[in-house]
Amino acid sequence: MAKPVYDASAIQALKGLEPVRRMPGMYTHTIHPLHVVQEAIDNAIDEALAGFGKRITVSVFKDGSYQVEDEGRGVPVDLHPVEKKPAVEVAFTMLHAGGKFARPGEGVYHMSGGLHGVGVAVSNALSTRCEVTVYRDGQKHTIAFEGGELKQKLKSEKAKEARRTGTVVRLWPDAKYFDSPSVPMAELEHLVRSKAYLLPGLATVLKVEGREDRSWNYERGMAQYFEFMLAGRELVAPLFAGEKYFDEKAAAEFSDIETGEGAAWAIGWVSDGEVFADSHVNLIPTRSGGTHEAGFRNGIFDALTAFMETRSLMPKGVKLIADDLWGRACFTLSARIVRTQFHGQTKEKLTTRHASKLLELCVRDAFELWLNQHPD
């Protein structure tokens with residue numbers, strides 16, 4: 001058998017969404033399609049973070065499809081100046097296409113969770129069908145894809161509700177790309193519910209065909225979310241909850257911190273049972289933590305060390321280590337970062353460098369003050 005020739009013809013240049021379909025594991029989890037649905041949810045959340053819309057609805061249908069509906073501005077439908085295609089088609093058929101790459105202060109999103117560069121185009125690539133409906137400027141615009149490719153060109157008509165705005169994305173994940181074709185409902189419900197806790201005033205709805213609708217809207221935010229995660233267990237000390245966001249004056253003191261960045265948090269200690277560390281960045285769950293979690297942990301630990309040294313509470317010859325503090329600690333953390341960078345396409349670990357410093361600045365003094373108020 002002749003050996004294959006290694007020349008220019010052996011170099012493949014995959015176009016469009018073909019890389020995703022060839023190697024889906026590089027772009028998403030292939031155990032089940034939750035992340036495929038989450039990409040559409042993330043886009044809806046980014047609109048809510050930007051101040052557009054008070055309600056997000058996620059629907060699960062018996063035919064194996066999932067739908068995400070928001071009240072945002074609606075994905076642009078005018079022709080892209082370079083690609084000469086409707087912008088919504090570009091967003092759903094090209095990797096590294098979106099409205100979240102502009103420099104701070106220049107783009108339509110001041111903060112978002114979507115700077116990983118692939119987004120909902122991956123969801124489209126790994127679905128047998130994807131239908132997108134956009135409401136904006138008194139018009140209803142529809143477009144459809146199959147297998148990631150354009151199936152129905154953009155059609156526009158007058159909307160029945162002239163003032164309605166937003167985007168509706170319905171996806172049929174392709175079972176051949178996943179070990180299990182179905183999204184685990186407990187994880188989806190937790191994801192949808194958490195958005196309401198993390199953005200007080202936002203209503204989130206989960207509709208499962210054949211079941212009663214579930215909806216959430218929480219005004220107390222992070223402390224309320226912590227109580228949900230705690231599931232009724234008692235704390236050995238009062239809850240430490242707070243938030244800090246840098247206004248223009250405070251941010252100006254630092255070269256790497258942007259206006260509006262900061263965090264909300266809640267932390268407590270339990271005497272027994274499992275502990276949890278539940279963190280988010282711009283409402284995106286960071287299951288593997290990252291620089292924001294590291295900064296949060298450092299700030300809390302440094303504050304405790306300073307408090308104990310000031311009050312001479314440390315026995316001679318004994319050194320406090322992080323495990324002493326974190327062994328029984330439970331916390332929820334929600335950071336707001338302008339320029340997010342994540343490790344990998346699934347955004348489960350934040351790598352933004354200044355996030356560590358930012359979180360330390362947010363919690364260190366606040367926790368030391370709390371300790372002085374609760375010395376017992």
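**A pocket and a sheet, explained**

Guide: In this predicted model, the lining of the second largest pocket is made up of eleven nonpolar residues, one polar and one charged.

Visitor: How much space lies in the second largest pocket?

Guide: About 320 Å³. Thirteen residues line this pocket, and those closest to its centre include Ala-237, Trp-370, Leu-371, His-374 and Asp-376.

Visitor: What makes Asp-376 a lining residue?

Guide: To count, a residue needs an atom within 4 Å of a pocket point. Asp-376 is listed among the lining residues, so it has such an atom.

Visitor: Which elements give two or more residues to that lining?

Guide: Helices α8 (291-310) and α10 do. The largest share, three residues, comes from α10.

Visitor: And what does helix α10 pack on?

Guide: Let's start with the sheet itself. Five strands form an open sheet, ordered β9-β10-β13-β11-β12, with mixed pairing. β9 (240-245) and β12 (284-285) each have a single partner strand, so each has one side without a neighbour in the sheet. Helix α10 (residues 355-373) packs on this sheet, touching β9, β10 (262-269) and β13 (329-336), and its direction makes about 45° with that of β10.

Visitor: How do you know that β11 and β12 pair?

Guide: Pairing takes at least two bridges between the strands. Strand β11 (residues 277-281) and β12 have two bridges, in the antiparallel sense, so they pass that cut-off.

Visitor: Which residue in β12 does His-280 stand opposite?

Guide: His-280 faces Pro-285 there.

Definitions and conventions. Residues numbered from 1 in each chain as written. Predicted model: local features only at pLDDT ≥ 70, side-chain atom pairs only at ≥ 80, totals over all residues. Heavy atoms only, no water. Helix = DSSP H or I, 4+ residues; strand = E, 2+ residues; numbered from the N terminus. Contact = heavy atoms within 4.5 Å. Axes fitted to C-alpha atoms, helices over the stretch in contact; angles between N-to-C directions. 1 Å grid on protein atoms, 1.4 Å probe; cavity = no way out; pocket = protein on both sides within 12 Å on 5 of 7 lines; lining within 4 Å. Points joined across faces, edges and corners; volume = space filled by probe spheres on them. Nonpolar A, V, L, I, M, F, W, Y, C, P; charged D, E, K, R; others polar.
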